Amino acid sequence: MKELAILLMAHRDVDLINRLISHLQHPEIDIYIHIDKKSQFLVDSIVPFQNTSILSENESYDVHWGQNQDNRAAIALINCSIGKYNHYALISGQHYLLKNAESIVDELKKAPEADFISIMPRDSPIYNSFIGRSVLYWPECLIGRNPLQKGISYTYRSVSKALGYPLRRNRGYHSSDSFMFGSQWWILSANTIDHIYNKIHNDPKILDYYDNSFCPDECIFQTLVNECSESHVVNDNLTYIDWSEGKASPKLLTKDDYSLLERSNCLFARKFDSIASKELLDRIDQNLLQA
């Protein structure tokens, strides 16, 4: 088997996507791309590298922030690549490499059974504040990033928690203390991906459960990995992300962040923009990806 399948979720910035996949050309790497159904116009602009496959429009989902279509798209990427690789990396079109492809392959070969995924411990002071995301029924109109949605959803969650979650979704798949949370992005081993694939294909209602939950892309994989007896979790997804601005999305990285990225042990970073991050991307290409 090859070492790595890149499962890439994209919806914008085709220049950055092409720049990213150009640096992932390696005989041990293949790339599978899901293009948001709203952004299918990007397909013809993606450079057709030999190791790159793009899911068809029929296989694509209309992804909305904080909703379950993200998970369905990720599962579609797994479906296309299952059984062919030692590791699988879920990344976005706004990721970029901090090490070159050869170094990434070498790093992963040193840890053939490792699952690089961030999982919040249950004794974290913020764990209980996340439970409402998955046990509470969330109308889709409340899931979003505009100020009105954020204000109403905060009130909805707070009142529901105070009342003991009267709109609790109880479909028999998870108890409230089985949910785990963490970053959407990960690198998982073949054994763990097989476990996730088999669980969902043997019982598709597991995936359906996460409809009308809040940001389920930061829960479903952590929960399934935690249930897998064969997983070997390294609580680090090897992706540098800066949440210092306290917003719903991470900071856009620019040239001022180069020194932090240079010192990082991560394989990837997020998030970038082909124009706003151009000077930073150029420095990474010249100094980090040539090493």
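Helices and strands here are DSSP runs, numbered from the N terminus. With that in hand, hello everyone, and thanks for coming. What we have on the screen is a predicted model, and I'd like to walk you through its pockets, its aromatic rings and a few residues with unusual backbone geometry.

Let's start with empty space. Rolling a probe the size of a water molecule over the atoms shows where empty space is left. In our model the largest pocket has a volume of about 1300 Å³. There are 46 residues lining this pocket, and the closest to its centre are Trp 65, Glu 218, Trp 243, Ala 248 and Ser 249. If you like to think in terms of chemistry, the lining splits into 17 nonpolar, 16 polar and 13 charged residues.

Which elements build that lining? At least two residues each come from strand β1, residues 2-10, helix α4, residues 127-135, helix α5, residues 147-162, and strand β9, residues 239-241. Helix α5 gives the largest share, with 4 residues.

Now the second largest pocket, which holds about 170 Å³ of space. Helices α4 and α5 turn up again here, each with at least two residues in the lining. You can click through the whole list: Ser 129, Phe 130, Arg 133, Arg 157, Ser 158, Lys 161 and Tyr 165. By type, that makes 2 nonpolar, 2 polar and 3 charged residues.

Please keep Arg 157 in mind, as we meet this residue again with the rings. The charged end of Arg 157 sits over the ring of Phe 214, 5.5 Å from the ring centre. Phe 214 in turn belongs to an aromatic cluster with Trp 65, Trp 138 and Tyr 156. And Trp 65, you'll remember, is among the residues closest to the centre of the largest pocket. There is another arginine to look at too: Arg 283 lies over the face of Tyr 258, at 3.9 Å from the ring centre.

On to ring pairs. A pair of aromatic rings is described by the distance of the centres and the angle of the planes. Searching the whole structure turns up 12 aromatic pairs, and I've picked two for today.

The first one I picked is Phe 179 with Tyr 210. Why is this pair called edge-to-face? The ring centres are 6.5 Å apart and the planes meet at 85°, so the pair falls in the edge-to-face class, for which the angle has to be over 60 degrees. Phe 179 is in the loop between α5 and β7, while Tyr 210 is in the loop between α7 and α8, so the pair links distant parts of the chain, 31 residues apart. Are these two residues buried or exposed? Phe 179 has a relative accessible area of 0%, so this residue is buried, and Tyr 210, at 0% relative accessibility, counts as buried as well.

The other pair is Trp 186 with Phe 221, and this one is tilted, with 5.1 Å from centre to centre and 55° between the planes. Trp 186 lies in strand β7 and Phe 221 in helix α8, so the pair ties together parts that are 35 residues apart in sequence. Both partners are buried: Trp 186 has a relative accessible area of 1%, and Phe 221 has 2%.

Next door in sequence to Phe 179 is Ser 178, in the loop between α5 and β7. Ser 178 is buried, with a relative accessible area of 16%. Leaving aside residues up to four places away in sequence, Ser 178 touches Arg 122 and Thr 223.

Ala 190 is another one to find, in helix α6, residues 190-202. This alanine is buried at 15% relative accessible area, and beyond residues up to four places away in sequence, Ala 190 touches Tyr 85, Asn 86 and Tyr 88. The C-alpha atoms of Ala 190 and Asp 115 are separated by 9.1 Å, with these positions 75 residues apart along the chain.

Last topic: the backbone. Where is the cis peptide bond? It joins Arg 270 and Lys 271, with omega at about 10°. Lys 271 sits in the loop between β10 and α10.

Asp 13 has a positive phi, near 60°, and is not a glycine. Asp 13 lies in the loop between β1 and α1 and is buried, at 13%. Leu 238 also has a positive phi, about 60°. Leu 238 lies in the loop between β8 and β9, and is buried at 12%.

Thanks for listening, and I'm happy to take questions.

Notes: Residues numbered from 1 in each chain as written. Predicted model: local features only at pLDDT ≥ 70, side-chain atom pairs only at ≥ 80, totals over all residues. Heavy atoms only, no water. 1 Å grid on protein atoms, 1.4 Å probe; cavity = no way out; pocket = protein on both sides within 12 Å on 5 of 7 lines; lining within 4 Å. Points joined across faces, edges and corners; volume = space filled by probe spheres on them. Nonpolar A, V, L, I, M, F, W, Y, C, P; charged D, E, K, R; others polar. Phe/Tyr/Trp six-rings, centres within 6.5 Å; stacked < 30°, edge-to-face > 60°. Buried < 20%, exposed > 50% of the residue type's maximum accessible area, 1.4 Å probe, protein only. Lys NZ or Arg CZ within 6 Å of the ring centre and 35° of its normal. Contact = heavy atoms within 4.5 Å.
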